[in-house]
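Me: Could you take me through one part of this protein in detail? I'd like a close look at the sheet and at what packs around it.

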Amino acid sequence: MAWRANLSRNLKELRLLFSPTSAESAATRSFIEKNYRDLKTHNPKLPILIREATSIEPQLWARYDLGVERGIRLEGLTEEQISKALEDLVKVGASLKS
């Protein structure tokens with residue numbers, strides 16, 4: 001879980017989009033409830049944007065330097081898979097810097 005402390009080094013912004021009521025967004029909502037505090041504690045200056053919208057599929061977006069963005073659809077993923085997806089986005093940010 002050391003990668004969590006590297007979020008602010010490799011990302012400029014993190015966005016989570018999900019529906020506040022749909023079953024497809026349940027794992028995303030649970031992930032946010034369990035992990036937001038830890039992520040923000042390790043990365044206090046990183047903007048972590050939580051966006052709720054009716055009838056939207058859950059998504060995770062990372063913005064890197066020079067406006068480069070990568071997104072992942074979270075529909076059907078478990079909390080562990082969402083965590084792995086976020087870790088992969090952090091690794092992409094590290095590879096973009098080198």
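Reply: Happy to; here is a walk through the sheet, its loops and the helices beside it.

This is a predicted model, in which local features need pLDDT of at least 70 and side-chain atom pairs count only at pLDDT 80 or more, while totals for chains, interfaces and linings use all residues. Residues are numbered from 1 along each chain as its sequence is written, and side-chain values use heavy atoms, with hydrogens and water left out.

Let's start with the sheet. It is open and built from four strands in the order β2-β1-β3-β4, with mixed pairing. Strands here are DSSP runs of E with at least two residues, helices are runs of H or I with at least four, and both are numbered from the N terminus. Two strands pair if DSSP finds at least two bridges between them. β2 (48-52) and β4 are the edge strands; each has a single partner, so one side of each lacks a neighbour in the sheet. On average, neighbouring strands are turned by 15° against each other, direction ignored.

Now the individual pairings. β1 (residues 13-18) runs parallel to β2, with five bridges between them, and Phe18 has Glu52 as its bridge partner in β2. β1 also pairs with β3 (residues 59-63), this time in the antiparallel sense and over five bridges; there, Leu14 is partnered by Ala62 of β3. Five bridges likewise join β3 to β4 (residues 69-73), again antiparallel, and Gln59 has Arg73 as its bridge partner in β4.

Phe18 deserves a pause. This residue of β1 counts as buried because its relative accessibility is 4%; buried means under 20% relative accessible area, exposed over 50% and partly exposed in between, using a 1.4 Å probe and protein chains only. Beyond its neighbours within four places in sequence, Phe18 is in contact (heavy atoms within 4.5 Å) with several residues, among them Ser25, Ile32, Ile50 and Pro58.

The loops offer a contrast. Ser55, in the loop between β2 and β3, has a positive phi near 60° and, at 73% relative accessibility, counts as exposed. Leu66 sits in the hairpin of β3 and β4, which has five residues between the strands, and also takes a positive phi near 60°. At 87% relative accessibility, Leu66 counts as exposed. For background, most residues other than glycine have a negative phi.

Next, the helices. α3 packs on the sheet and touches β1, β3 and β4, its direction making about 160° with that of β4. Axes are lines fitted to C-alpha atoms, for helices over the stretch in contact, and angles run from 0 to 180 degrees between N-to-C directions. The axes of α2 and α3 come within 9 Å and cross at roughly 55°. Residues making this contact include Phe31 and Leu39 of α2, and Ile82 and Leu86 of α3.

Finally, the largest nonpolar core has 20 residues, with Leu7, Leu11, Leu14, Leu16, Ile48, Leu60 and Leu86 having the most contacts inside it. β1, α2 (26-42), β3 and α3 (79-97) each supply at least two of its residues. Such a core is a set of buried Ala, Val, Leu, Ile, Met, Phe, Trp, Tyr and Cys residues joined through side-chain atoms within 4.5 Å. Leaving out residues up to four places away in sequence, Leu86 touches Trp3, Leu7, Leu14, Phe31, Leu39 and Leu60.
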